[in-house]
Amino acid sequence: MPPLTPKKLTDGSHVRLVAPASSLSTVEMKIIDVAIQTLESFGLRVSISQHARATNPFGSSDPELRVADLHAAFADPNVDAILCVRGGFSTNELVDLLDYELIRTHPKVLCGFSDITALSHAILTNTGLVTYSGPMLRAFRDRDAYTIDYFKQVLFGMDPVTIKPSIHWRDTDRGHVITLPNKGPILLSAGQASGRLLGGNLCTLNLLQGTPHFPDLRDAILFLEDDYEVHPATFARDFASLMAQPGAETIRGIVFGRFQLATKMTEEHLRYLISLYPFLEQVPVLANVDFGHTSPLFTFPIGGQVELHDEVIRLHIS
């Protein structure tokens with residue numbers, strides 16, 4: 001399906017906050033208020049979807065309510081973009097319920113990451129619409145300059161974006177925020193490549209396997225990350241599942257995001273993992289890149305075009 005790129009944001013664009021995964025009721029009011037103030041400082045107008053605060057026993061809300069909010073946001077001519085409030089769980093419950101023709105004929109920016117990965121790829125596969133892996137409310141509350149800069153470059157700008165590493169990065173470990181110097185990307189396999197960007201949260205992407213919503217991996221460049229709940233063995237198992245999918249042998253490159261400290265993932269683990277798939281030693285593979293569940297993070301287009309040249313990442317913004 002040919003790619004469909006939504007209109008970029010401008011001063012005065014209207015952003016609808018939607019909760020396709022866990023409920024907005026699980027987010028502290030102070031985080032919501034400061035995040036909205038940050039978005040408004042960009043010249044954006046912000047509204048909240050009707051059922052964003054609804055809840056069910058799993059910390060989300062009934063699938064029909066979340067679908068109704070997504071449909072309302074796409075159908076509303078006064079809404080220019082959809083920002084997911086948080087990740088969490090259960091976005092994959094929505095993929096069989098969505099009106100993809102409505103989405104295809106009303107293309108808009110949709111931004112989020114983590115559990116939103118399932119929603120993003122279902123939309124891409126069924127409509128061709130390019131969506132965006134990027135910050136949600138907590139990140140906008142933090143007002144990190146790196147995160148905000150790339151959000152603006154990718155979602156407001158039209159020029160190709162070259163990703164530079166952050167100076168420092170932060171993680172939360174046992175309730176404490178830890179700030180560390182960023183050593184920059186780790187080159188696991190050298191090379192140059194260009195292709196369609198797919199990926200995000202690995203275990204969430206894998207939830208689409210065996211469904212008609214799983215993306216076509218042929219000639220793709222994968223951006224992959226996961227959170228504190230994985231450890232080296234579970235990540236390797238999830239990665240093996242992805243590599244067993246049709247088209248994986250034609251992947252043109254892989255970029256691993258930064259792992260949280262709690263995962264205990266190391267460069268040694270990743271080098272060994274890559275060695276298990278000889279074809280990956282012939283394509284560029286990077287690790288320790290600024291996306292995932294640490295801060296800061298850059299925004300990237302799922303379904304968009306990306307170029308890799310060893311440690312250099314260049315996003316093409318149509």
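Student: Why is R170 called partly exposed?
Tutor: Its relative accessible area in this predicted model is 24%. Buried requires a value under 20% and exposed a value over 50%. The 24% of R170 lies in between, so the residue is partly exposed.

Student: What makes the contact of R170 with D144 a salt bridge?
Tutor: The closest N and O atoms of R170 and D144 are 2.9 Å apart. The cut-off is 4 Å from a side-chain nitrogen of Lys or Arg to a carboxyl oxygen of Asp or Glu. An Arg and an Asp at 2.9 Å meet that condition, so the pair counts.

Student: How do you know that the pair links distant parts of the chain?
Tutor: R170 sits in strand β7 (residues 168–173), while D144 is in the loop between α5 (137–142) and α6 (145–156). The two are 26 residues apart.

Student: Is D144 buried or exposed?
Tutor: D144 has 13% relative accessibility. That is under 20%, so D144 counts as buried.

Student: What makes R174 and D173 a salt bridge?
Tutor: Their closest N and O atoms are 3.4 Å apart. This value is within 4 Å, so the pair passes the test.

Student: Why is R174 called exposed?
Tutor: The relative accessible area of R174 is 76%. Exposed means over 50%, so the word applies to R174. Its partner D173 has 19%, which is under 20%, so D173 is buried.

Student: How do you know that R218 and D216 meet in a salt bridge?
Tutor: The N to O distance for R218 and D216 is 2.6 Å. With a limit of 4 Å, the pair qualifies. R218 has 55% relative accessibility, over the 50% mark, so it counts as exposed. D216, with 33%, falls in the range from 20% to 50%, so it is partly exposed.

Student: How many salt bridges does the structure hold?
Tutor: There are ten salt bridges, by the count made on the structure. Side chains of opposite charge can pair when their charged atoms come close.

Student: What is notable about phi of S90?
Tutor: S90 has a positive phi of about 85°, yet it is not a glycine. The residue is in the loop between β3 (81–84) and α3 (100–105). At 15% relative accessibility it falls under the 20% limit, so S90 counts as buried.

Student: Why does D310 count as partly exposed?
Tutor: D310 has 24% relative accessibility, which is neither under 20% nor over 50%, so it goes in the middle class. Phi of D310 is also positive, near 55°, in a residue other than glycine. D310 lies in the loop between β15 (305–309) and β16 (312–316).

Student: Which residues does a cis peptide bond join?
Tutor: The bond joins S295 and P296, with omega at about 0°. P296 lies in the loop between β13 (285–292) and β14 (300–302).

Student: How many helices and strands does the protein chain have?
Tutor: The protein chain has nine helices and 16 strands.

Student: Why is the protein chain called as compact as a globular protein of that length?
Tutor: Its radius of gyration is 18 Å, and the globule rule gives 20 Å for 318 residues. The two values are close, so the description holds. Buried residues make up 57% of the 318 residues.

Technical notes: Residues are numbered from 1 along each chain as its sequence is written. This is a predicted model: local features need pLDDT of at least 70, side-chain atom pairs count only at pLDDT 80 or more; totals for chains, interfaces and linings use all residues. Side-chain values use heavy atoms; hydrogens and water are left out. Helices (H or I, at least four residues) and strands (E, at least two) are DSSP runs, numbered from the N terminus. The radius of gyration is taken over C-alpha atoms; the globule rule is 2.2 Å times the number of residues to the power 0.38. Buried means under 20% relative accessible area, exposed over 50%, partly exposed in between (1.4 Å probe, protein chains only).
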